[in-house]
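Visitor: Hello! Could you walk me through this structure and explain the words you use for it?

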Amino acid sequence: IEILERIEEQAHRASQIIQHLRNFLSKGGDHKEPLDLDQVIAGIIDFLRPELTNGQVNIEHHRGVPQGCKVMANKVQIEQVLVNLVLNSLEAIKDSGKTTGHIVVHTRLLPNEAIETTVTDNGPGIDTDMTGRMFNPFQTSKSEGMGMGLSISRSIIEAHGGKLWADVQHRNGALIGFNLPLSE
């Protein structure tokens, strides 16, 4: 019964993500509320834990934001960005042929009144020929990817007044992050 309840909960969350993404892409759904990013990240990690476990990938969440600091954002849209970044890391690790992997999601408060979230993995890193175009639509290094995930993620973050970026100098894997302004 517990497993079926979790399946129902996760199916409902996936349905919400898809519906909100559709609304976002049609310039609808703009409901924003104060969010604790660390709580959202914890929920995403919980949501993706079965897939991470099956892929033999360990994930850590480093909370670096003081209690009470929130961003004004659409929860489902930010969840979509986080799911995309973590799944990209998972797929990169699996495609690299490693038997185990490691992902770290880290938040920190920036001096310019923004919260930075980074997703770091120990996969093969960012392919040098993708660095200038990885956020463009239909650009992918995956054999079965559509190349829309990072493009949509960038649009979502920019619509929230933030910035999505990749550290192409990062060694021993990939590092992609975004920042969002603090809510007032």
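Guide: Gladly. Helices and strands here are DSSP runs numbered from the N terminus, a strand having at least two residues. With that in hand, Asn 172 can be placed in the loop between strand 6 (163-166) and strand 7 (175-181). Please keep in mind that this is a predicted model.

Visitor: Why is Asn 172 called exposed?

Guide: Exposed means over 50% relative accessible area. Asn 172 has a relative accessibility of 71%, so it counts as exposed. Its phi is near 60°, a positive value in a residue other than glycine.

Visitor: Where else is there a positive phi in a residue other than glycine?

Guide: Gln 56 has one, with phi near 55°. Gln 56 sits in the loop between helix 2 and strand 2 (57-62).

Visitor: What makes Gly 161 buried or exposed?

Guide: The cut-off for exposed is over 50%. Gly 161 is at 57% relative accessibility, so it is exposed. You will find Gly 161 in the loop between helix 4 (149-159) and strand 6. From C-alpha to C-alpha, Gly 161 lies 8.6 Å from Asn 179, and the two are 18 residues apart in sequence.

Visitor: And what about Asn 74: buried or exposed?

Guide: Buried means under 20% relative accessible area. Asn 74 has 2%, and therefore it is buried. Asn 74 belongs to the loop between strand 3 (71-73) and helix 3.

Visitor: How do you know that the side chain of Asn 74 makes a polar contact with the backbone oxygen of His 31?

Guide: A polar contact needs a pair of N or O atoms within 3.5 Å. A polar atom of the Asn 74 side chain is 3.0 Å from the backbone oxygen of His 31. Another polar contact joins that side chain to the backbone nitrogen of Gln 77, at 3.1 Å.

Visitor: Why is helix 2 called oblique to helix 3?

Guide: Helix 2 (residues 37-54) and helix 3 (residues 75-95) pack at an angle of about 45°, and their axes are 10 Å apart. Angles under 35 degrees count as roughly parallel, and 65 to 115 as roughly perpendicular. The angle is in neither range, so helix 2 is oblique to helix 3. The crossing of helix 2 over helix 3 is right-handed.

Visitor: Which residues make the contact?

Guide: Among them are Leu 37, Ile 41, Ile 44 and Phe 47 of helix 2, along with Ile 78, Leu 82 and Val 86 of helix 3. The contact of helix 2 with helix 3 has 13 nonpolar residues, no polar ones and three charged ones.

How values were computed:
Residues numbered from 1 in each chain as written. Predicted model: local features only at pLDDT ≥ 70, side-chain atom pairs only at ≥ 80, totals over all residues. Heavy atoms only, no water. Axes fitted to C-alpha atoms, helices over the stretch in contact; angles between N-to-C directions. Helix = DSSP H or I, 4+ residues; strand = E, 2+ residues; numbered from the N terminus. Parallel < 35°, antiparallel > 145°, perpendicular 65-115°, else oblique. Left-handed = near helix turned anticlockwise from the far one by under 90°. Contact = heavy atoms within 4.5 Å. Nonpolar A, V, L, I, M, F, W, Y, C, P; charged D, E, K, R; others polar. Buried < 20%, exposed > 50% of the residue type's maximum accessible area, 1.4 Å probe, protein only. Polar contact = N/O pair within 3.5 Å; in protein donor to acceptor, adjacent residues only side chain to side chain.
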